[in-house]
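Work through the following exercises with the sequence and the model open beside you. Each one sets a task and then gives a solution in steps.

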Amino acid sequence: MGIDGLRCDAVPYLFEREGTNCENLPETHAFLKRIRKLIDDEYPGRIILAEACQLPHQVREYFADGDEFHLGFHFPIMPHIYKAIASRTWTSLKEVLDRTPSIPENCQWVTFLRNHDELSLEMVTPHERQWMWNYYAAEPRMRINLGIRRRLAALMENDARSIELAHCLLLTMPGTPILYYGDEIGMGDNIWLDDRNGVRTPMQWTPTDAGDPTGGFSANPAGKPFSPLVDAPPFNNNYVNVRAPMSDSSNIFHTIKFMIRMRKNHPCFSRGTLTWIPSNPANIAVCTFIRQYQISSILVVANLSGLNQTVRIALPSSGRGDQMWRRPSFPSLKKIDLEILQSATALESMFELKDELS
């Protein structure tokens with residue numbers, strides 16, 4: 001079957017040269033161009049993804065003229081999504097996206113909430129890093145290097161609405177999102193395992209009381225996977241497993257699945273522009289922006305505050321907005337000057353914007 005793509009680790013240090021810090025050397029770029037040409041010529045349809053923990057303007061160099069990497073991780077978006085949720089303000093997230101350079105048409109940023117390493121805080125200021133450590137990783141054991149070794153659900157204190165909000169921001173922002181296994185069902189972590197292993201525990205397929213001590217992860221008769229399952233409630237596999245959402249329509253799995261389907265059905269999320277829509281008076285707790293591609297426009301409203309909010313925004317053109325998703329439900333919106341009541345329990349809404357005659 002082969003592979004669809006290859007993630008290349010620590011790309012800036014691919015080559016070494018005496019007398020340099022070995023970072024971003026011309027030799028590296030020359031070699032990457034050769035690799036890209038080989039892939040395009042002999043393995044069309046495959047991609048290479050750059051893992052370079054650098055600021056976007058530095059990672060931009062690894063797209064070159066569209067003849068090096070197809071994809072590159074956008075590291076700063078991730079910590080600033082967490083900061084936005086914790087601080088209940090979206091301004092720093094806007095600043096990060098506004099500073100992101102344009103890239104060749106045949107390239108794409110890759111975004112994520114968590115991965116198999118720590119939640120890196122290298123891309124924030126020292127003050128922001130300490131603030132996020134205090135908020136999300138109060139115990140020193142939860143920290144590693146310049147980051148946090150915890151999973152998404154644990155970071156969100158197992159709050160379903162916060163987990164949904166994080167995914168909503170990820171899936172409506174520019175870039176191609178990558179979801180880390182287990183986040184879609186709310187898997188937790190084990191901070192007592194060494195190094196980064198606490199977020200690399202086996203996938204929890206079934207409850208232990210189903211008769212499988214590995215939680216459905218392995219058919220090994222010895223029943224001993226590479227790492228122990230998370231064993232503490234509320235994250236052990238008797239509480240969190242793939243089977244559970246099948247009988248619970250309110251499980252976050254279904255919400256995330258619906259978000260993914262919506263994203264796939266609307267190219268403006270993957271290929272479109274992002275325009276921030278300010279509210280009047282300004283409300284830094286409610287994030288409002290429009291994703292647009294060709295004739296498709298979608299307004300996203302995300303309430304970060306946890307409280308009922310009313311925002312008044314001016315849409316860029318006349319027409320109407322039909323609600324696509326989320327409670328509370330609204331009638332079709334037919335005013336350029338739009339007032340939206342965003343409840344504390346319905347953290348995000350989306351409206352498809354249409355001309356009046358459509």
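**Exercise 1.** Find the side chain with which the side chain of Glu164 makes a polar contact, and decide whether Glu164 is buried or exposed.

*Solution.* The partner is Thr255, whose side chain lies 3.3 Å from that of Glu164 in a polar contact (a pair of N or O atoms within 3.5 Å, where within protein one must be able to donate a hydrogen and the other to accept it, and residues adjacent in sequence count only if both atoms are side-chain atoms). Next, Glu164 counts as buried because its relative accessibility is 4%, buried being under 20% relative accessible area, exposed over 50% and partly exposed in between, with a 1.4 Å probe and protein chains only.

This is a predicted model, in which local features need pLDDT of at least 70 and side-chain atom pairs count only at pLDDT 80 or more, whereas totals for chains, interfaces and linings use all residues. Residues are numbered from 1 along each chain as its sequence is written, and side-chain values use heavy atoms, with hydrogens and water left out.

**Exercise 2.** Place Glu164 in its helix and describe how that helix is covered.

*Solution.* Glu164 lies in helix 7, which runs over residues 160–172 (helices are DSSP runs of H or I with at least four residues, strands runs of E with at least two, numbered from the N terminus). From first C-alpha to last, helix 7 reaches 18 Å, close to the 18 Å expected for its 13 residues, the expected span being 1.5 Å times one less than the number of residues. Eleven of the 13 residues are buried, among them Ser162, His167 and Thr172.

**Exercise 3.** Describe the aromatic pair formed by Tyr180 and Tyr181, and compare the burial of the two residues.

*Solution.* The structure holds twelve aromatic pairs (rings of Phe, Tyr and Trp, the last by its six-membered ring, with centres within 6.5 Å; planes under 30 degrees apart are stacked, over 60 edge-to-face and the rest tilted). Tyr180 and Tyr181 form one that is edge-to-face, at 4.7 Å centre to centre and 65 degrees between the planes. Tyr180 is buried, because its relative accessible area is 11%, whereas Tyr181, at 30% relative accessibility, counts as partly exposed. Finally, the charged end of Arg151 sits over the ring of Tyr181, 4.7 Å from its centre (NZ of Lys or CZ of Arg within 6 Å of the ring centre and within 35 degrees of the ring normal).
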